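User: Please take a close look at one loop position in this model, and then set it in the context of the helices, sheets and charged pairs of the chain. Give the cut-offs for each term as you go.

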Amino acid sequence: MAWWEGFDEIRLLIAADTAETGNDVGQLLSLRHPKSGNSMCCLLVNGVLQELSWFKQSYTSWFLGDYVAEDGGLYTATPVDPVFILLPIFEEARMKKGDDLGKFRLVDEIIFVEGYPGYQKLLSIAENCMQVVCEIKEIGSSKFFRLDDSKVLAWMYHKVCQLKQTLSTLDNNYAAREEKDRLIDAVSILGEYLDEPWLKLLSDRLRIDLTEATRKMSDIEILPTATECNGSQEKSKSDNKTARGGKQAKKPKVETESHNIREMFSRASSRRKK
């Protein structure tokens, strides 16, 4: 069954065409958001993991053939680096305590998450993408993984560098800002996906004030993440018109920027694989 056949009603989806990399029809996966722990809906197509966001404007409808989507809502699917999604799972799996670095475990054991069978569908990409942040031991034909803090820090630092470059292309005047301000902006955006201990480690490495970056997180305006994989979103979430800080959202600009930022995560990951 194709993934869209599970939707309760017809919906509009804006997504990249992955036909050149394969003919997989894709799968909708219910996963845990790496920051909040709440359910999030992702689309896995031809080995590319995409985060689904939900956007809705008032007094808007879509005419789709003979069908009218009266609420005017639409989904956007943006490639996301799977490391963001899997990092909390691998952190829990190593069971680190104090000075003990934790345990090495098989990937199929690590991504077994009760209540979220969708993680099992990521087995084909998890082993490859998580090598960049894990220490690996090979015993026979089996590979055992354990999250490595120094590798995670190097990966986060690389993401910050990529973000700084991407943000400069979104605004002609942005490149003229001071280096410290651009670093704080980049860390605050990563903060949408990373827990505070990782952000603290990264901020110390960059020698910036985590409090300042945390304050900026409340002003970031992004499209709400889709929480349901059946085409139905709660009204309280789909009608979200304000930013986290309570300010009126500037949607047209934010849609473009948040999409480009998330797409950058995928491009950075692709460069490493090549």
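Analyst: The position to begin with is A175, which sits in the loop that runs between α4 and α5 (179-190); helices here are DSSP runs of H or I with at least four residues, strands are runs of E with at least two, and both are numbered from the N terminus. The model is predicted, so local features need pLDDT of at least 70 and side-chain atom pairs count only at pLDDT 80 or more, whereas totals for chains, interfaces and linings use all residues. Residues are numbered from 1 along each chain as its sequence is written, and side-chain values use heavy atoms, with hydrogens and water left out.

A175 has a relative accessible area of 45% and is therefore partly exposed, a class that lies between buried (under 20%) and exposed (over 50%), as computed with a 1.4 Å probe on protein chains only. If neighbours within four places in sequence are set aside, A175 is in contact with S168 and R182, contact meaning heavy atoms within 4.5 Å. K164 stands eleven residues from A175 in sequence, and their C-alpha atoms are 8.7 Å apart.

At the other end of α4 (149-170), D148 occupies the loop that follows β10 (142-147). D148 is buried but forms no salt bridge, and the nearest side chain of opposite charge, that of K151, is 5.9 Å away; Lys and Arg are counted as positive, Asp and Glu as negative, while His and the chain ends are not counted. A salt bridge requires a side-chain nitrogen of Lys or Arg within 4 Å of a carboxyl oxygen of Asp or Glu. The side chain of D148 does make a polar contact of 2.4 Å with that of S150, a polar contact being a pair of N or O atoms within 3.5 Å in which, within protein, one must be able to donate a hydrogen and the other to accept it, with residues adjacent in sequence counting only if both atoms are side-chain atoms. Beyond residues up to four places away in sequence, D148 touches R94, V133, C134 and E135.

R94, one of these contacts, leads to a group of charged residues. R94 is buried, because its relative accessible area is 4%, and it forms a salt bridge with D149 in which the closest N and O atoms are 2.8 Å apart. Since R94 belongs to helix α1 and D149 to helix α4, this pair ties together parts that are 55 residues apart in sequence. D149 itself is partly exposed, at 27% relative accessibility. R94 also bridges to E91, with the closest N and O atoms 2.7 Å apart, and these two residues lie three places apart within helix α1, about one turn of the helix. Through shared partners, the salt bridges join E91, R94, K96 and D149 into one network.

Helix α4 is linked to another part of the chain through K159, whose salt bridge with D81 has its closest N and O atoms 2.9 Å apart. K159 lies in helix α4 and D81 in the loop between β7 and α1, 78 residues apart. K159 counts as buried because its relative accessible area is 0%, and D81 is likewise buried at 0%.

Helix α1 (residues 82-94) lies across β2, β3 (39-45) and β4 (48-56), running at about 45° to β2; axes are lines fitted to C-alpha atoms, for helices over the stretch in contact, and angles run from 0 to 180 degrees between N-to-C directions. These strands belong to an open sheet of five with mixed pairing, in the order β1-β7-β4-β3-β2, where two strands pair if DSSP finds at least two bridges between them. Its edge strands, β1 (12-15) and β2 (27-32), each pair on one side only. β1 pairs with β7 (residues 73-79) in the parallel sense over four bridges, and A15 has A77 as its bridge partner in β7.

β10, the strand before D148, belongs to an antiparallel open sheet of three in the order β8-β10-β9. β8 (105-106) and β9 (134-139) each have a single partner strand, so one side of each is left without a neighbour in the sheet. L106 has F144 as its bridge partner in β10.
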